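Student: I should like to take a close look at a single part of this model. Please treat the pairing of its strands in one connected account.

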Amino acid sequence: MSRVGAGLTLALLTGCGAGAPSPPPAAGPPVSQLRVGLSEYRLQLSAGTLAPGTVEVSVTNTGSARHDLQLVQAGAVLGASRVLSLGEQQSLALQVAAGAPISLRCTLPGHAEAGMTGTLAVAPG
Ligand SMILES: [Cu+2]
């Protein structure tokens with residue numbers, strides 16, 4: 001118990017110092033090219049907001065287990081990669097509708113629950 005408390009205090013004191021996990025990308029300018037890294041067990045997104053229209057997504061497995069990526073917008077699957085082994089890369093071309101956010105997940109059993117999920121905003125049209 002006390003060890004957990006001390007760790008939390010230290011994290012608060014050091015704030016954004018080196019070694020802290022990098023926060024998810026803030027809502028920056030909308031992009032039409034996105035890179036997604038898959039690892040255990042998280043998704044690394046190169047941007048937080050997509051431009052509507054055609055978006056190129058480059059998916060790379062940077063982890064050591066097999067992963068895939070599925071992107072869903074408004075209940076419809078926009079695109080999905082095959083299951084990628086370590087170091088494998090696949091490019092997807094998506095047709096993105098304006099405004100509605102996109103959810104991302106690895107579909108392998110247990111991976112989304114372990115943290116392999118993410119959300120992208122989409123700029124209004
Ligand atoms: Cu996975």
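Which residue in E4 is the bridge partner of Val-36?

Tutor: In this predicted model, the bridge partner of Val-36 in E4 is Val-59. This pair belongs to the junction of E1 with E4, two strands that run parallel and are joined by six bridges. E1, which spans residues 33-39, is also joined to E2 by four bridges, and here the two strands run antiparallel. Within that pairing, Leu-38 stands opposite Leu-43 of E2. E4 in turn pairs with E7 in the antiparallel sense, over eight bridges; in this pairing Val-55 has Leu-94 of E7 as its bridge partner.

Taken together, the four strands form an open sheet of mixed pairing, in the order E2-E1-E4-E7. Its edges are strand E2 (42-45) and strand E7 (89-96), each of which pairs on one side only. On average, neighbouring strands of the sheet are turned by 25° against each other, direction ignored.

The sheet also leads to the nonpolar interior. The largest nonpolar core has 20 residues, and Val-36 and Leu-38 are among those with the most contacts inside it, together with Leu-50, Leu-69 and Ile-102. At least two residues of this core come from each of E1, strand E4 (53-61), strand E8 (102-105) and strand E9 (117-122). In soluble globular proteins, nonpolar side chains tend to be buried together. Leu-50 illustrates the contacts: beyond its neighbours within four places in sequence, Leu-50 touches residues including Leu-34, Val-55, Val-96, Ile-102, Leu-120 and Val-122.

Methods: Residues numbered from 1 in each chain as written. Predicted model: local features only at pLDDT ≥ 70, side-chain atom pairs only at ≥ 80, totals over all residues. Pairing = 2+ DSSP bridges. Axes fitted to C-alpha atoms, helices over the stretch in contact; angles between N-to-C directions. Core = buried A, V, L, I, M, F, W, Y, C linked by C-beta atoms within 7 Å. Buried ≥ 20, exposed ≤ 12 C-beta atoms within 10 Å, placed from the backbone. Contact = placed C-beta atoms within 7 Å.
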